[in-house]
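The following questions and answers examine local backbone features, a helix and a pocket.

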Amino acid sequence: MLVEIKRISKAEVTVVSSLDVAETFGKEHKNILRDIEELNCSEEFRGLNFELSKYSVENNKRSYPMYYMTRDGFTILVMGYTGEKAMWFKEAYIKQFNAMEKAIQGKLIEREKGIAVRQSLTKALQQSTENERMHGHAYSAYTNCIYKVLFGKNAKQLREELGISKKENLRDYLSTEELKEIQSMECLVSGLVDCGWGYDQIKEFIQTTNTVRIAA
């Protein structure tokens with residue numbers, strides 16, 4: 001059983017695939033697809049809770065239909081599946097959904113904290129000479145420096161790795177732990193900027209600090 005985090009209708013939600021449901025409940029995937037397509041639910045509910053996708057089989061160039069479904073979609077779908085084994089699987093899935101939704105909530109909290117931290121760093125840069133020296137690009141320069149130190153890649157490279165466009169918010173695709181690491185580093189950089197340190201000095205310092213942290 002695999003509950004994962006995915007974007008449906010631009011929202012980050014917990015989902016499970018029709019393939020996983022078929023395997024877990026011992027049903028043919030085509031029958032799961034049929035059950036989903038025959039659900040007597042509103043189009044609004046369907047649009048919010050089921051997303052048609054595709055999968056491919058190894059050594060086969062063809063692609064086949066599958067669905068991702070939210071917790072509500074899963075609940076509606078398997079409501080009619082009966083038996084002791086089916087009930088056990090339903091309970092196990094719901095536990096996974098609860099755990100993943102808790103992780104999403106934690107991530108949202110970190111994103112809110114991150115806004116305040118970014119504002120603090122932006123203010124520190126604006127009040128220093130760095131922003132003028134970098135022709136208004138100080139924040140992006142320092143952010144890329146932080147990303148390189150923490151992840152070994154700048155923002156552009158991370159976007160390419162994650163397969164997201166420039167218009168999308170990169171931090172929406174990072175984990176809670178990664179967001180915490182960024183916030184911690186941004187707080188440190190903000191303090192150093194306030195103390196009058198320059199870019200090269202700060203870059204060398206955070207590189208050394210991160211190396212020592214990893215070694216410990």
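A residue counts as buried when its relative accessible area is under 20%, and as exposed when that area is over 50%. The model discussed here is predicted.

Q: Which residues of H9 are buried?
A: Helix H9 covers residues 176-194. With the cut-off for burial at under 20% relative accessible area, the buried residues of H9 are Thr176, Leu179, Ile182, Gln183, Met185, Glu186, Val189, Ser190, Leu192 and Val193.

Q: How far apart are the end C-alpha atoms of helix H9?
A: Helix H9 has 19 residues, and at 1.5 Å a residue it should span 27 Å. The computed separation of its end C-alpha atoms agrees with this expectation, at 27 Å.

Q: Which residue just after H9 takes a positive phi?
A: The phi in question is about 95°. The residue that takes it, just after H9, is Gly196.

Q: Is His135 buried or exposed?
A: His135 lies in the loop between helix H6 (130-133) and helix H7 (138-151). Although His135 is not a glycine, it has a positive phi of about 55°. Its relative accessibility is 69%, and the cut-off is over 50%, so His135 counts as exposed.

Q: Which helix gives the most to the lining of the largest pocket?
A: The largest pocket has a volume of about 260 Å³, and its lining includes Tyr139, Ser140, Arg159 and Lys166. The lining residues divide into four nonpolar, four polar and four charged. H7 and helix H8 (155-162) each supply at least two of them. The helix that gives the most, with five residues, is H7.

Technical notes:
Residues numbered from 1 in each chain as written. Predicted model: local features only at pLDDT ≥ 70, side-chain atom pairs only at ≥ 80, totals over all residues. Heavy atoms only, no water. Helix = DSSP H or I, 4+ residues; strand = E, 2+ residues; numbered from the N terminus. Buried < 20%, exposed > 50% of the residue type's maximum accessible area, 1.4 Å probe, protein only. Expected span 1.5 Å × (residues − 1). 1 Å grid on protein atoms, 1.4 Å probe; cavity = no way out; pocket = protein on both sides within 12 Å on 5 of 7 lines; lining within 4 Å. Points joined across faces, edges and corners; volume = space filled by probe spheres on them. Nonpolar A, V, L, I, M, F, W, Y, C, P; charged D, E, K, R; others polar.
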